[in-house]
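Reader: I'm more at home at the bench than with coordinates. Could you walk me through some features, one at a time?
Author: Gladly; let's look at it together.

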Amino acid sequence: MVRVRFAPSPTGYLHLGGARTALFNYLFAKSHGGKHILRIEDTDRERSTPEAVEAIMQGMAWLNIKYDEGPFFQSERNSIYQDYARKLLELGVAYRCTCTAQRLDQVRQEQTARSEKPQYDKLHRPKDPTPQPTELPSGQDAEPFVIRLRVPDVGEAVFNDLIIGEIRTAYKEIDDFIIIRSDGSPTYNFTVVVDDIEMQITHVIRGMDHISNTPKQMVIYQAFGVKIPDFAHVPMILGPDKQKLSKRHGATSVIEYKKDGYLADAFVNYLARLGWSHGDQEVFTRAELEKYFSLDHVGKSPAVFDQVKLLWVNSEHIKKLELSQLVSELVDFLPERGLRKPNQAELPAFSALVATLRERAKSLIEMADQCKFFLEDQVIYDEQAVKKHLTPEAKSLLQEIQVILTNLKDFDDKTIETACKALVEQKGLKLVQIAQPLRVALTGTAVSPPIFTVMSVLEKERTISRIKSCAI
């Protein structure tokens with residue numbers, strides 16, 4: 001069975017790159033009927049925080065990137081790492097090193113002076129891979145020591161990356177690196193391999209920034225004599241200027257995109273298309289992503305983050321979403337814009353309003369802002385709009401419209417439109433000459449949903465009341 005893992009370090013929020021890695025692992029598992037495991041790599045005690053863990057969990061929950069097992073915390077698994085380290089010592093493929101930091105610095109300086117690659121000089125490496133004492137560092141040792149891995153002297157670490165292709169690294173380029181520090185804590189590369197063995201990971205899908213770790217991790221797998229998983233390193237995400245993604249490009253917590261009015265499914269759709277393709281299709285449902293995703297169609301080149309494209313994808317999802325679901329999404333979002341939620345009696349009219357907004361809206365922010373007139377009892381008027389459109393002539397027209405609307409028995413879009421157009425024709429005016437004054441009187445601005453919809457959702461009493469207050 002395919003088993004993959006998303007293994008973030010809780011040192012900050014869940015950003016775009018991390019979210020895409022989580023998504024690709026999730027989709028790969030789904031498309032193969034496999035399992036997706038969540039592992040929190042929190043062994044960096046100084047930088048890992050509970051707040052960062054919570055931020056990661058919130059981001060995954062919003063994006064609905066589910067996991068089948070976990071979350072597992074590395075900080076709770078130290079005894080497992082110790083057992084595996086002792087096993088390597090017993091096998092003779094790891095050994096104790098008591099070199100001081102000062103000595104290692106001196107060795108590196110001398111190697112650099114000779115134009116050699118700075119490496120550990122293997123002072124304490126046994127001549128042959130024979131069983132070693134299994135005592136591990138405690139941090140309280142009379143003579144501090146670390147545990148190093150015995151890297152083969154000859155040969156290469158070779159793997160066929162499922163995205164990039166074959167990658168070769170000569171063993172002589174890999175140091176006899178530390179797997180257990182002098183304080184007894186395990187190092188990153190060691191914990192990753194131990195966990196992947198324990199969790200029976202079959203495919204490691206991660207960002208390109210981890211590719212330099214792969215040869216070292218392969219040596220650890222080989223030392224244990226276990227099958228090495230398949231690796232797939234996903235190219236980086238760049239900004240529109242083709243530079244490394246930064247805050248100025250939108251490299252922020254994925255939760256910020258929720259606050260900016262993006263639908264979770266739209267954001268997932270866009271993340272999936274950052275480096276992956278399925279023909280020319282741009283808009284995908286979640287079910288389609290789970291069905292079609294394949295590492296074969298992940299590109300080798302860096303993906304470019306495009307805020308305009310993201311907005312377009314979001315607008316397409318807004319159009320396609322079931323109206324009842326879109327209303328629910330928008331209602332939940334309203335507090336983000338400081339707006340109240342409609343009550344049960346208002347929901348039918350609110351739903352009708354949302355139906356008229358969805359075709360042009362790019363985000364929930366736009367939709368919420370255009371619903372203000374409906375949700376706020378006190379209209380806030382834009383001074384420029386009032387000055388331009390509520391002229392004495394316009395106020396006179398509003399007084400006439402008020403009378404016409406008061407006499408209407410039905411108060412739906414079509415009835416209101418017919419009545420207003422009759423007045424326009426009678427006066428020899430253009431529709432805009434009454435539409436704009438009405439728009440300002442009812443919403444406070446010169447931009448709103450279709451004016452007849454505005455009146456019908458406000459209903460007769462509120463519509464006439466607002467017109468009356470502006471017609472004086």
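Reader: How far apart are the end C-alpha atoms of helix 19, and what would a straight helix reach?
Author: First, keep in mind that this is a predicted model. The idea is to compare the end-to-end distance with the span of a straight helix at 1.5 Å a residue. Helix 19 covers residues 451-470, which is 20 residues, and a straight helix would reach 28 Å. Here the end C-alpha atoms are only 16 Å apart.

Reader: Where does helix 19 bend, and by about how many degrees?
Author: The bend is at Glu-459, and it comes to about 115°.

Reader: Let's turn to sheets. Which strands stand at the edges of the sheet with the order 1-2-3?
Author: Begin with order and direction: this is an open sheet of three strands, and the pairing is parallel. Strand 1 (3-6) and strand 3 (69-73) are at the edges; each has a single partner strand, so one side of each is left without a neighbour in the sheet. On average, neighbouring strands are turned by 25° against each other, direction ignored. For a closer look, follow strand 2 (residues 35-40), which pairs with strand 3 over three bridges. Arg-39 stands opposite Phe-72 of strand 3.

Reader: What lies across strand 1 and strand 2?
Author: That is helix 1 (residues 16-31), and it runs at about 165° to strand 1.

Reader: In which order do the strands of the antiparallel open sheet come?
Author: The order is 4-5-8, again with three strands. Strand 4 (94-97) and strand 8 (178-180) are the edge strands, each pairing on one side only. From one strand to the next, the twist averages 45°. Strand 4 and strand 5 (residues 146-149) run antiparallel and are joined by four bridges. As a residue-level example, Arg-96 has Ile-147 in strand 5 as its bridge partner.

Reader: Now a single side chain. Is Asn-189 buried or exposed?
Author: To read this, check the relative accessible area: under 20% counts as buried. Asn-189 has 10%, so this residue is buried. Its place is in helix 5 (residues 188-198).

Reader: Which residues does Asn-189 touch, not counting those up to four places away in sequence?
Author: Asn-189 touches Asn-213, Lys-216, Gln-217 and Ile-220. With Gln-217 there is also a polar contact of 2.8 Å between the side chains.

Reader: Why do residues three or four places apart in an α-helix point the same way?
Author: An α-helix has 3.6 residues a turn, so residues at that spacing point the same way.

Notes
Residues are numbered from 1 along each chain as its sequence is written. This is a predicted model: local features need pLDDT of at least 70, side-chain atom pairs count only at pLDDT 80 or more; totals for chains, interfaces and linings use all residues. Side-chain values use heavy atoms; hydrogens and water are left out. Helices (H or I, at least four residues) and strands (E, at least two) are DSSP runs, numbered from the N terminus. Buried means under 20% relative accessible area, exposed over 50%, partly exposed in between (1.4 Å probe, protein chains only). A polar contact is a pair of N or O atoms within 3.5 Å; within protein, one must be able to donate a hydrogen and the other to accept it, and residues adjacent in sequence count only if both atoms are side-chain atoms. Contact means heavy atoms within 4.5 Å. Two strands pair if DSSP finds at least two bridges between them. Axes are lines fitted to C-alpha atoms, for helices over the stretch in contact, and angles run from 0 to 180 degrees between N-to-C directions. The expected span of a helix is 1.5 Å times one less than its number of residues. The bend at a residue is the angle between axes fitted to the seven residues ending there and the seven starting there.
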